[in-house]
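Welcome, and please open your viewer. We will go from the whole chain to a single side chain, with something to select at each stop.

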Amino acid sequence: AAVEASIADPDRQPAPKGRKRVGATTASAAAAAAAAGKVGGGKAQRSYPRAADAALGAHSGGGGGSEDTKSVRRREKNREAAQLCRQKKKEHLKVMKGTVWDLRKDNDALRTHASVLQKEADQLKATAS
């Protein structure tokens, strides 16, 4: 079956240049993979425990503390990091709002000045003609 899978299928289209063909795309290739025992796409299993398994104590931590204390410590650190991130975001937003206010004020002043200069230029043109 492995020899049959290596022979090109006449109905199979070639892969575009620069890209690899991934997975079994034809019925004959899928049948060959099933015969070889490669059902499920050959996806590697996770080497780390799931959160639900850790909460139930299904996996033991090979190091210092139990999986429960590690996950609790990780959640606490994540909570603190998220809180710090939100605080920094608020401070950044406050700074940006101040910058927007300053720029709008400057823009209004420049528009007023441009209007004054335009009126002055119109007066000079009127007196020159």
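In what order do the elements of the protein chain run from the N terminus on? Show the cartoon and follow the chain: the order is α-α-α-α. That gives four helices and zero strands. Keep in mind that this is a predicted model.

Next, colour by confidence. The mean pLDDT of the protein chain is 74, with 50% of its residues at 70 or more. Now select residues 2-6, helix α1, where confidence is lowest at a mean of 47. Widen the selection to residues 1-6: pLDDT stays under 50 there, and the model has three contacts beyond four places in sequence for this stretch. For the other extreme, select residues 67-128, helix α4, where confidence is highest, at 96.

Switch on the surface. The protein chain exposes about 11,800 Å², and carbon and sulfur atoms supply 56% of that area. Of its 129 residues, 5% count as buried.

For a last stop, return to helix α4 and pick Ser-71, which lies in it. Is Ser-71 buried or exposed? Ser-71 counts as buried because its relative accessibility is 10%, below the 20% cut-off. Show its side chain as sticks, together with the backbone of Asp-68: the Ser-71 side chain reaches the backbone oxygen of Asp-68 at 2.9 Å.

Methods: Residues numbered from 1 in each chain as written. Predicted model: local features only at pLDDT ≥ 70, side-chain atom pairs only at ≥ 80, totals over all residues. Heavy atoms only, no water. Helix = DSSP H or I, 4+ residues; strand = E, 2+ residues; numbered from the N terminus. Buried < 20%, exposed > 50% of the residue type's maximum accessible area, 1.4 Å probe, protein only. Areas by Shrake-Rupley, 256 points an atom, 1.4 Å probe, with all protein chains shown as cover. pLDDT = per-residue confidence, 0-100. Contact = heavy atoms within 4.5 Å. Polar contact = N/O pair within 3.5 Å; in protein donor to acceptor, adjacent residues only side chain to side chain.
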